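Biologist: I should like to understand the terms used to describe this structure. Might we take them one at a time?

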Amino acid sequence: MRSRPVVLLAIVIALATAAYVISRVVTPSAGAEALPQSPAAYLGVYETGAPHTYQPVADFTQVAGRQPNLVGYYSGWREPFQTSFADTVRSHGAVTILQWDPTLASVQKVADGGYDSYLRSFADSVRDFGYPVVIGFGHEMNAYWYSWGYGHLPPSTFVAAWRHIVTLFRSQGATNVTWLWTIQADEPGTGSIASWWPGAKYVTWIGVDGYYYRPYQTFSGIFGKTIAQVRALTGLPVLVSETAAGPQAGQAAKIPDLFAGMRHYGVLGLVWFDIAQDNGVYHQDWHIEDSQAARTAFRRCASALTLARP
């Protein structure tokens, strides 16, 4: 028969262990509250170098005249969650938004649970970070240019993988995730978005990516049809999740159209792709830093926003 002190100690240890397990699995993590959903409340940016350095974001902030409240990076498959970068983003009063892409991975294997060890590790890191994080998986899946997208993968396989990831994160207690289902704005070569839709139970926000390439393009022409398709599918909030206007489009003139369209359509905000691209076929420099007129236009439009405080 055990002595009373030993029994009491065993009870205390058991209760502490149970409390720890519950706190990690059942209790929502700190910051699990939903992010604000007011229209035109978010100004975000993607910069070259993230998540390895924050400096380009700081430079963009100086030029734009506003601190972005969404700061993004792209995560390759099997890469860990970049907690250090997320901490830095949070220290600037912003939320990390990451697009997590299954490059060189099998989406079917994701759906079947073949990467669950990696997913649990990632989910645990996000949960332990404890503050809001916006995560998209397999962005622009309705377009043809990615291996997980239209023409390369059955939509049902993508949907199964998406649902599996969300379910696993929730089972790990990573309730601080805003799930961003990100589609390409309708254009020649894109597929029906409805076939890729995992259901409102598995999505928090809808992301729509689109760019100004030519002088005749407008927000309505780029995004209007797709936003209408989304709103026929779900009433969830929409974010322009990746966008920019290039010099060939008349960058300084298109920036006001972008911000005005964001307001007109009542979307959450926009994430500017402040990056130069050169894939050997075409070159696009989306930076606002390279044009005084673009800097002035962006500053003026950004200054009018009432940004959410996540």
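Modeller: Let us begin with Thr-61, which is found in helix H2, residues 55–64. Please bear in mind that this is a predicted model.

Biologist: Why is Thr-61 called buried?

Modeller: The relative accessible area of Thr-61 is 16%. Buried means under 20%, so Thr-61 is buried.

Biologist: Which residues is Thr-61 in contact with, leaving aside its neighbours within four places in sequence?

Modeller: Beyond those neighbours, Thr-61 is in contact with Arg-66, Gln-67 and Pro-68.

Biologist: Let us turn to the packing of two helices. Why are H5 and H6 called oblique to each other?

Modeller: Helix H5, residues 116–129, and helix H6, residues 155–171, pack at an angle of about 50°, their axes being 9 Å apart. Angles under 35 degrees count as roughly parallel and those of 65 to 115 as roughly perpendicular. An angle of about 50° belongs to neither class, and H5 and H6 are therefore oblique to each other. The crossing of H5 past H6 is right-handed.

Biologist: Which residues make the contact?

Modeller: H5 contributes Asp-116, Leu-119, Arg-120, Phe-122, Ala-123 and Val-126, while H6 contributes His-164, Ile-165, Leu-168 and Phe-169. By class, seven residues in this contact of H5 with H6 are nonpolar, one is polar and two are charged.

Biologist: What makes Phe-169 notable in the largest nonpolar core?

Modeller: That core has 101 residues, and Phe-169 is one of those that touch the most other members, along with Trp-77, Trp-100, Ile-135, Trp-181, Trp-272 and Phe-298. The largest share of this core, seven residues, comes from H6.

Key
Residues are numbered from 1 along each chain as its sequence is written. This is a predicted model: local features need pLDDT of at least 70, side-chain atom pairs count only at pLDDT 80 or more; totals for chains, interfaces and linings use all residues. Side-chain values use heavy atoms; hydrogens and water are left out. Axes are lines fitted to C-alpha atoms, for helices over the stretch in contact, and angles run from 0 to 180 degrees between N-to-C directions. Helices (H or I, at least four residues) and strands (E, at least two) are DSSP runs, numbered from the N terminus. Angles under 35 degrees count as roughly parallel, over 145 as roughly antiparallel, 65 to 115 as roughly perpendicular and the rest as oblique. A crossing is left-handed if the near helix is turned anticlockwise from the far one by less than a right angle, and right-handed if clockwise. Contact means heavy atoms within 4.5 Å. Ala, Val, Leu, Ile, Met, Phe, Trp, Tyr, Cys and Pro count as nonpolar, Asp, Glu, Lys and Arg as charged, and the others, Gly among them, as polar. A nonpolar core is a set of buried Ala, Val, Leu, Ile, Met, Phe, Trp, Tyr and Cys residues joined through side-chain atoms within 4.5 Å. Buried means under 20% relative accessible area, exposed over 50%, partly exposed in between (1.4 Å probe, protein chains only).
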